[in-house]
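Me: I have a structure with several chains and would like to learn how to read the places where they meet. Could you take me through it?

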Amino acid sequence: MILVWLIVILMAGGLLAWLAQKWHRASPRWIALGSVLATLGITVYLWLAMPAATLGASPWLLQYELPWIPQWGVSFSLALDGLSLLMLLLTFFLGLVAILISWREIKNKVGFFHFNLLWVLAGITGVFLTMDLFLFYFFWEVMLIPMYFLIGIWGHENRNYAAYKFFIFTQASGLLMLLAILGLYFIHGSQTGTYTFNYFALLNTSLAPEAARLLMFGFLAAFLVKLPVVPFHSWLPDAHSEAPTAGSVILAGLLLKTGAYGLLRFVLPLFPTATVEFAPWAMLLGVIGIIYGAILAFSQTDLKRLVAYTSVSHMGFVILGVFAFNEWALQGVVMQMITHGLSTGALFILAGFLYERLHTRDIRLMGGFWSRAPKMGVVALIFVMASLGLPGLGNFIAEFLTLVGSWQANNWLTVFATIGLVMATAYSLRIMQKVFYEPSLVEQPALPDLTSREMLIAAPMIVGLLWLGLYPQPVLDLAQPSVQEQLQAYSGSKVEPKVAAVEAPLSIAEIDSVYFEAAVKDLKK
Amino acid sequence: MSVNDFIHLMPLLILTVGALVSMLVISAWRNHKIIYVITAVSFVAAFASLFEQHVAAPYTIEPLFVMDGFSAFYIGLMLVTALLISMLSYAYFEQREERKEEYYILLILSTLGACVMVISKHFASFFLGLEILSVALYSLIAYLRTRERSDEAGIKYLILAAFSSAFLLFGMALVYAATGTMTFTGIATAIAAFDRLPLLLITGFGMMIIGIGFKLSVVPFHMWTPDVYEGAPAPVTAFIATVSKGGVLGLLIRFFMEVDGFRYPTLVLIFTIIAIASMFAGNLLALMQQNVKRILAYSSISHLGYLLVAFLAGNQMGVEAITFYLVAYFITTVGAFGVIAMLSDKDRDAERMEDFKGLLWRRPWTAAIFTAMLLSLAGIPLTAGFVGKFYIIATGVNTQLWLPVAILVLNSVIGLYYYIKIIAVMFQQPEAAMEPRRQLRPSIYVASMGTLTVLALLLIGIGVYPTALINLITTLLNTFTTLTLR
Amino acid sequence: MADLLWLIPALPFAGALLLVLFGNRISRGLVTAIGAGSVGISAAITLLLGIEYLSSQPAYYHQEVWNWFNVAGFNPSIAFHLDALSMVFIFVITFVGFLIHVYSTEYMAEDADYSRFFACMNLFVGSMLVLVMADNLLLLYLGWEGVGLCSYLLIGFWYKEPANGYAARKAFIITRVGDTAMAIGLFMLFQAFGTLHIQTISTEAVQLWDTGAQMAVIIAFLLLGGAVGKSGQLPLQTWLPDAMAGPTPVSALIHAATMVTAGVYLIARMHVIFELAPVAMMAVAAIGAVTLLIAGFAALTQYDLKRVLAYSTISQIGYMFLALGVGAWSAGVFHFMIHAFFKALLFLCAGAIILALHHEQDMRKMGGLRTSMPVVFWTFLIGAASLAAFPLVSAGFYSKDQILWLQLAGENGSVWLYAAGLLGAFVTSIYTFRMVFITFYGKAKTHVGHQPTMAIKVPLIILAVLSLVGGFIELPHNFGHVVLFSDFLSPILPTISVVPGFDQYEWMLQLLAAVVSLSGIYIAYLFYISKPELLASIHRSSTAMAVHRFWHSGWGFDKLYDILLVRPYVFLANVNKRDVIDGFYTGLARVTEGFHMMLSETQSGVLRNYVAGVVVGAIMILTISIFL
Amino acid sequence: MNAVSMEAGLLLAGILFLLGMISVMIRRNIIFMLISVEIMLNAAGLAFIVAGSRWVQPDGQIMFIFILTMAAAEVSVGLALILQIYHQLKTLNSDTANFMKG
């Protein structure tokens, strides 16, 4: 039930924020802040309340199921495991940041803005939680519409074009996934006679190779576009650079992660054989992404666009790792999802700070800000270093694990991926150089240093990155059982969900009992 | 005719009576409100009378009519739609000096025609229903006499409709000549005899397809659609887009199911081509279109294409999908045109892009509703349109119509572009210079606003919890004679 | 006592953190206290540890601070491992580091970003300590990158000057190239051993591979890649001369004494792997030999005082590689220590001069400083002597002589390497004293502004003493035969076995070395003091000038890389700035619009065309239905 | 008197239909277009009668009567519209009535 609350709180908060604008101008901010804080609180509580997560009797911590469209075997089924818990933490944290960042930036239609913001978050939450493929597609779409509005209404000059592009790319790919989902649904139905969209049921579908291949490509289409992998990336720079800061943060920090999450959650367990066939190509795509993105990032002059291309490059590591099929790589991927969320989000926030002050994103018009805004300089330095994978910061752990893992799978591609790190250095340092070091060509207005609110936003991200870089163990432990779960198919045995049959919705108090039951079930097997 | 016959024809009779009564009242005393009330009442009564009859088993009135769950559902659907349209029409016509009262008679009559078609199982009744519908429509389209666009639309529709019904009739004649009967069941049994269809029959079917295709405005018989949609008054456009097409579609399904046209690859091929062509032509034509009414016209063409994809499946699920999609499509279309009707003023309908510029900031709720409608047309979740499209795609995948489904997907991507284009326009900041369009007597908008809200709620409701509707459809269709045979 | 291990790197880090957080709010005095103080304390702890270590000879100290992470058995931890080798390094780092910090308090006194400077310096000291104390290669890698970062920050310290920023980025990126190779090496090591724990690897490698095993060779080469990157050896040496853009103390600490010798440390640390890969060892030696010559000749032609020193650093590290390459491990490390002393000394003197001459670095504008800055002169002279391996008195003589000697005497030494080393020594003494003579003799060309005070003088003197007496802990066996240093390292590093019956020739070689060094000095004297016209005659010959320019440009490596790598990359980037793939999608959209245009032509609005349309459709349908 | 064969009758109807169709296509004058459409409708009616006579049923003729009534209704509405058009455009040329296009 608590899982449902997460979504409900966000959606209700969104509506409330929209309506509340009537009677007080600033109220939407506070409502949004409150609801996101609430969800964040719940998630943190969940995390602390279940050390069981690391035991991994069953990776599933919480489940909730409710029939929705019984005729089609669609059910409103949510489930939480370590992976999704991590993703939720990231989601709500970045959501919080997004709200704080818009505190000053967004001035018109505050209510509607926060409505969209919260609904995006709700959609993302749903994507991370749902265990029913129909519902998954549902949320997958739900998170796009408000995002489209965020870009289209509060974006920069070229927002409409960017919004269209974003919307059409993601929709097109999503529809392909829908086809694949339906294909899977009917194949499973014709095999077992029970037509259902339930994830755990569909896991046991036995697929003919070519069928598996086609369906896999259907899913991949959606996820690779969202990730994005290089031939399909071209929506990303526009969307990221035109969106308002909060939008960019959520795009880079969360929406891209849904693609990675989809790969982990669905593609790997559903199509074990097909993915193995496809792996070398996928890894190749990843490497191409790493290098291509890096080269493009190097040449950009629009700061946000530059950062956007860096995420293309960083996401290359994700797909590289996912298709290495070993625990190091997958853990690396999970870390990458989180740390990239923090570091790139932070860079976008930085771009936002600069834009608020200078009303430009063109780095050719910036320069020498270190002397004027030392605090900002230090903060920027840390984030830039994170994005080039400096040891001691989270991204390093992520990339190193990924590469260690992918090395086991494919040496040469890993070599090229590693070369990507050098390129990362090139573009990252370019940011520092142009923005903070060498004096700017044009005279810039006075540049006030970071305010306390902005420090309040930046500080937790820095701390988080350091923490992830120096003591990532808690995160890795949390992710470990789920990663194992996804990898089962590749350790020989066919995937079969180790989940206790779904009972009535659980409350926090009953978690242990779930464990007990799960354990019992395992014993019975 | 027995009492039972009367009970089962009650909806139609009520409509007829309603039309007559309002005619008399007008002759006695012109009053918009009263006529309006009579119309509404007759629609409601007709709808209520549907519940009087137990459609568990199909009831046939030889040789013309058959009343079963299927027809009951379609009649109900069309009655509700007509009711909603009449609600929207009130405000629309109230602002215009023309003699508004006859409009309602025509509305009732055309609805009657559509209903007749749905329950007919005989060429004669089919033809009569069609003509009642069409003739009423001619005058409805051209109802606003002072607008030359209206007249142009009227004449175009008239000529083309008559032209196409000539084809239809000739086709019927040929079929009749070949089979010697005009009841669907008779034809079915007759052609069951042939192992391969004789030329006469095939030609006949082909020509009938032309007639039906015209009413459904599918490619290549679609050309009239944008002009008529643009020229006709917004509520009438809504009516053409929904009720008239619904009636014809219902008839098409019945007829095709009866004669089991799916056995003949030729016919399937024809419909496949039509479906694909309609999807492409509709979406591509709408792509850069600047006139909202025309955009909706083109989009309706492509939506008929989508419907035909489910039609091609030719099984229970297909019909369910069509029916569900039709419901969603009706709600959406009526809503969309309702919004246009609401924003229109005396001189012209609000059909240009600039009429919608910054609407969200001027009339948030109207804009929100319109956005919902457009998203539903685009098949985005949380709206009925999504479930409908999902239903259709599912049907297609289930029956392995890969090509049509693939094209459907491709087209819904293309479609996105122009739907969100309108949305984007509504979300633009209006420039200060542009004053909001002149409002006439906001008080009279109550009915329209209420209707629109209801529609929006229905849209979301079905989108979020389609179970109830699906149940209704499946239960009602179980009594659909021909489906139960197969 | 070993529990204090973690403090050694922790203190400088803490200092850095404090300075970052509060640096611009607290007084300079406090900044100094934190900056220099933290390093000072860790120096003191080092000293204590060292004393204890010497008194009670343990194999090593080990301390695990916390477990970094553990993924499927890949389980590196934040743990420190202190043995003789790392002892030498942390000694140098903390002490020289401390001296340089003290020095900097005066040198940077005028600078606005005083606290930023010390923050970076502390960060550097901390990372460097982590580097040399890490017990697993991942942690070492952390320190490795950390020092890279600090070097970047400090080279670009005066960021307003774009050139500095360029130099900084160059340094970072080029070293990152090496690091990439190293990283791949780590992947392979992990694949082979399932861990990156250095001790484990060192012990297991021997059982796993026999000498010359392919894996070992590849890994060794990859690690070597990392080493040459950091240590400014061929082919990645080009960044080091430019790195002189940073403040002089930085050059002294990072680009002379400590960071650049990280490569030496890495090779010494992983000597097991290298010994399993003789080819790689040869490569190390060869690289060392070539580098020391190239850098030496380049140094001959420089006018910028610091650039001379930079090139000489490169070439001296070349010597260390030479030593490591033939397996003279302790000799290499010994030379590292001595070099740290005298090179730091030289840089600091150079710094004092530069400070005195209002940041003038061109030697041609210097001169006659012998009288005006006596202390600096004498200390510099000592440093120079040590660098030029002035016989008997200078420490450099002993360290370098040992290396040269082992080139011949060592089992896998060779005449060629020896010859290279000897030639290098000759060149070294020439450019060293060229520097001395130009700078301190002749007539003064620039007015001496700021006279060094205690904060500068004391470190100079201490370092001068060290670079004199430092050599006496390791004396050749034909006189004295002190082997304190090599004994100290013997538990860690294998001692090189000398070809039997070769000892009696050792004095000849020493004599030769001495002669070479002295003659070099004489030639420098000849050219720059007694007979300047010789120089002029050289300047007149065009070929000589061509060679001069070639050397001055550092053998044209910069240009080469610029043409081969940088320009193509930048070109590629700028060509594709608009992202061709995006163009493809735009094209797709255009095509669709084209279709729209075509179709909307059909909607002519003319009734008869519509009728025609219906007829066409009718004909199509009828043909289909009739003929199919 | 000998009966006319059905084929012949249908052929005649078909020819009539074609004539009407063609003249709808080539005629600009709206009234003539209307007339041509009527011809087509009558052709259809003729076809019905022929078919009916083939099966010796009254249905064909019934349909013909329906068609006639419908045609009448259509023509009346049509003429009304044509009046309007003429009123506005001062011409009966259908091609000039193309305000709406694209």
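Reply: What follows goes from chain pairs to one pair of helices. Keep in mind that this is a predicted model.

Me: Which two chains share the most contacts?

Reply: Start by ranking the pairs that touch. Five pairs of chains do so here, and chains A and C have the most contacts among them. Chain A and chain D have no contact joining them; their closest C-alpha atoms are 24 Å apart.

Me: How many residues do chain C and chain B each give to their contact?

Reply: Each side is counted on its own. Chain C supplies 23 residues and chain B supplies 29 residues.

Me: Which element gives the most to the side of chain C that touches chain B?

Reply: Look for the elements that give two or more residues. On that side of chain C these are helix H26 (580–602) and helix H27 (607–627). H27(C) gives the most, with 14 residues. Sorted by class, the side of chain C that touches chain B has 14 nonpolar, eight polar and one charged residues.

Me: How are H6(B) and H2(D) placed relative to each other, roughly parallel or roughly antiparallel?

Reply: Read the angle between the axes. For helix H6 (residues 148–179) of chain B and helix H2 (residues 30–54) of chain D, the axes come within 8 Å and cross at roughly 15 degrees. Angles under 35 degrees count as roughly parallel, so H6(B) is roughly parallel to H2(D). The crossing of H6(B) past H2(D) is left-handed.

Me: What classes of residue make up the contact of H6(B) with H2(D)?

Reply: In the contact of H6(B) with H2(D), 23 residues are nonpolar, one is charged and none is polar.

Methods
Residues numbered from 1 in each chain as written. Chains lettered and ligands numbered in written order. Predicted model: local features only at pLDDT ≥ 70, side-chain atom pairs only at ≥ 80, totals over all residues. Contact = placed C-beta atoms within 7 Å. Helix = DSSP H or I, 4+ residues; strand = E, 2+ residues; numbered from the N terminus. Nonpolar A, V, L, I, M, F, W, Y, C, P; charged D, E, K, R; others polar. Axes fitted to C-alpha atoms, helices over the stretch in contact; angles between N-to-C directions. Parallel < 35°, antiparallel > 145°, perpendicular 65-115°, else oblique. Left-handed = near helix turned anticlockwise from the far one by under 90°.
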